[in-house]
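Here are some notes to keep beside you while you look at this one. Take them in any order you like.

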Amino acid sequence: MNKMHNLGTVIRFEVVRMLKKPSFWLMALGFPLIIAVVFGIVFFSNQATMEAAEKLTEQKFSLAVTDESSIIKPELLQALGAKIAPSRDSGVDMVKSGQVDAYFYYPPSLSDSKVEVYGKDVGMFDNSRYSAVANMLLSESVNSQVNPEQRAVLQGAVQVDATMYRDGIEYEGFKEMIIPGLFLVLFYLLIGFFGGQMLNSTVEEKENRTIEMLLTTINARALIAGKILSLIILALIQIGLILIPVVLIYLLAGPQLQIPSVDLSNIPFDPLRVGLGAAIFAFSFLLFTGLLVAVGAAMPTAKEASQWFGIVVIFIFGPLYGVTAFITYPDSPFVRFLSLFPLTSPIPLMLRNAYGNLPIEEALLGIAILAVSAVLMLLLAVRIFQHGAMQYDSKLSLKALRAKRNS
Amino acid sequence: MASTRPIIQIENFTMRFGDKEVISDLSFEVNRGDVFGFLGSNGSGKTTTLRALLGLYQPASGSLLIDGKPYRVDGDTSLGYLPEERGLYKKETVLDTMVYFGELKGMSRQDAKDFSKKYLERVDLADKIDTRLDKLSGGQQQKVQLGVTIMNEPELLILDEPTKGFDPVNRRLLMNIIEERKKAGATIVFVTHHMEEVERLCNRIILLKDGKAHAYGSISEVKKSFGGASMDDIFVKVYGGEALEVGNE
């Protein structure tokens with residue numbers, strides 16, 4: 001009963017302590033704020049581009065054209081008030097002398113040569129109006145010679161609806177990846193946001209010099225367990241703080257920001273893959289939490305602990321470089337090794353599970369290895385915390401840890 | 001019936017850091033109800049012995065028992081420990097810190113709060129109850145840490161230099177608090193360099209030098225063995241310094 005009471009006390013204290021820190025809220029709200037700002041910039045940029053494009057079309061300029069391709073419709077040139085230049089050189093001279101604002105030369109073979117545009121400089125962004133009109137003349141001329149169906153084909157506007165089957169059952173590849181793939185995203189977010197805090201959770205007890213009083217008051221295992229559980233709670237709070245604004249932005253301003261709509265009822269849910277994904281995620285998170293806590297417990301200061309964070313990050317994010325191999329060569333020894341070695345397995349396992357090329361036997365073996373590794377790592381973290389507790393000025397060496405184990 | 005077994009039993013305790021032997025075959029006992037002075041200069045092994053007793057260090061050999069067993073935080077003996085390395089959560093308030101440790105020691109939240117408020121009033125820190133610890137002076141932080149140490153009225157108090165850095169007024173306040181705990185029946189192990197505190201509070205002492213005991217027993221026994229000298233002079237004699245000869249000044 002006392003152990004549970006102490007665990008609850010540690011969890012409550014650690015969670016409240018973190019919630020009181022401005023840095024927590026900065027991180028929690030900073031991410032959705034940045035997303036909102038980026039979307040805002042995209043939105044206003046789109047608006048500005050559309051307005052600028054409209055303004056461009058309204059701006060009139062004098063034009064001369066030489067069409068050796070015979071594609072441009074004379075009626076279009078007439079509508080624009082364009083003059084016909086007898087040759088390329090004369091057209092260029094007309095621009096240079098100021099007789100016209102712009103000159104377009106359409107070569108005989110548009111597939112071999114470029115359309116040449118010459119114009120009076122009106123500023124870096126406004127100069128693009130000349131090319132826009134030159135292209136418009138071409139596209140309008142061609143469009144007028146084809147029917148709407150042919151136009152749709154030429155513009156690549158024909159929509160294709162593809163249906164795949166796997167073992168006789170309809171299979172929607174990308175959609176099937178969404179829910180299992182969320183675990184991978186979640187893993188990255190949590191380690192990214194909380195990795196530093198996990199590292200510091202134990203080293204700060206040394207820096208505060210509270211460790212002696214703590215270890216003579218509460219069991220080290222209960223203390224570490226309390227810290228890890230509090231980190232999980234804080235991670236869930238942070239995920240909520242990130243997701244809620246994102247969902248609100250999607251619901252309230254999705255169309256205006258041109259965010260594609262998602263029909264949630266259409267997203268496949270495979271209980272086996274989701275279950276495997278959840279298990280891989282849970283044990284991966286525990287393993288890396290234990291690793292970061294252990295590193296922090298062995299270091300005398302937060303600064304030295306943070307130097308090791310980079311090494312841990314390599315193990316976590318390094319496998320990303322093998323993404324193509326995981327998808328294309330899932331049976332290769334290289335992929336198999338990365339999928340089973342506990343420090344590299346989280347990414348390959350979650351990715352392959354999401355993609356659907358992770359056999360159940362391999363998944364279960366990978367999960368078992370992760371689970372055992374996570375437990376061992378957490379026990380090691382407790383041991384390092386206990387034996388490194390009094391080393392305020394130096395790292396706990398493996399030799400010292402082994403000596404303490406044997407004494 | 002109350003146990004007559006010593007509350008602390010240390011037998012043939014040896015401690016090494018690497019190749020260096022810092023404590024050599026040390027043995028002593030602390031009886032229930034004792035106020036036991038643990039004396040010695042800096043580096044003599046006092047703090048090392050206490051940490052080994054509390055399980056923070058692994059001894060090279062020997063046994064260190066509290067109430068007949070190696071110390072465990074979830075054991076039967078209630079203990080309050082004031083370490084030599086002072087430290088609390090700097091960014092937390094006085095009350096939050098005291099309540100946290102009180103709850104860890106098994107007190108209810110309300111009891112911990114009530115004790116904290118009474119104690120802070122006693123040590124003249126009532127107005128600092130909601131102040132962050134890093135805004136207090138070193139002496140004020142020490143008072144808070146002492147409050148954390150005694151707040152569950154432990155039957156065994158281990159105080160490593162509790163008056164370090166205190167002015168005479170606060171030192172006397174602290175002595176009074178320790179005496180109250182003594183009268184309440186607590187056993188107190190008390191590390192100090194101030195011999196007047198030893199003479200006032202302690203009934204038994206051990207004096208360490210280079211990890212070995214050079215004096216051990218009741219105050220009267222120790223004084224007798226050193227020819228009736230004061231504790232100050234005994235300390236100086238053991239450490240090879242000059243004795244104070246008042247008549248020759």
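The points below go through chain B, one of its helices, and two residues of chain A.

1. **Ground rules.** This is a predicted model, where local features need pLDDT of at least 70, side-chain atom pairs count only at pLDDT 80 or more, and totals for chains, interfaces and linings use all residues. Residues are numbered from 1 along each chain as its sequence is written, chains are lettered from A and ligands numbered from 1 in the order in which they are written, and side-chain values use heavy atoms, with hydrogens and water left out.

2. **Chain B overall.** You'll find 8 helices and 9 strands here (DSSP runs numbered from the N terminus: H or I of at least four residues for helices, E of at least two for strands). The radius of gyration of chain B is 19 Å, close to the 18 Å from the globule rule for 249 residues, so chain B is as compact as a globular protein of that length. That radius is taken over C-alpha atoms, and the rule is 2.2 Å times the number of residues to the power 0.38. The C-alpha atoms fill a box of roughly 50 × 50 × 45 Å along the principal axes.

3. **Inside chain B.** Buried residues account for 53% of the 249 (buried is under 20% relative accessible area, exposed is over 50%, partly exposed is in between, with a 1.4 Å probe and protein chains only). Take the contacts (heavy atoms within 4.5 Å) between residues at least 6 apart in sequence: 66% of them join residues at least 24 apart.

4. **Helix α5 of chain B.** Residues 168-183 make up this helix; at 1.5 Å a residue its 16 residues should span 22 Å, and the end C-alpha atoms are indeed 22 Å apart. The expected span is 1.5 Å times one less than the number of residues. Its buried residues include B:Leu173, B:Leu174 and B:Ile177, and also B:Arg171 and B:Arg181. What do the buried residues of α5(B) pack against? In chain B, they meet α3 (109-122), α4 (138-150), β6 (156-160), β7 (187-191) and α6 (195-201).

5. **A:Thr9.** Look in helix α1 (residues 2-19) of chain A for this one. A:Thr9 is buried, at 3% relative accessible area. Leaving out residues up to four places away in sequence, A:Thr9 touches B:Tyr100, B:Glu103 and B:Leu104.

6. **A:Leu340.** This residue sits in helix α13 (residues 333-340) of chain A and is partly exposed, at 21%. Beyond neighbours within four places in sequence, its contacts are A:Ser345, A:Glu362, A:Leu365, A:Gly366 and A:Ile369. A:Val92 is 248 residues from A:Leu340 in sequence and 68 Å away in space, C-alpha to C-alpha.
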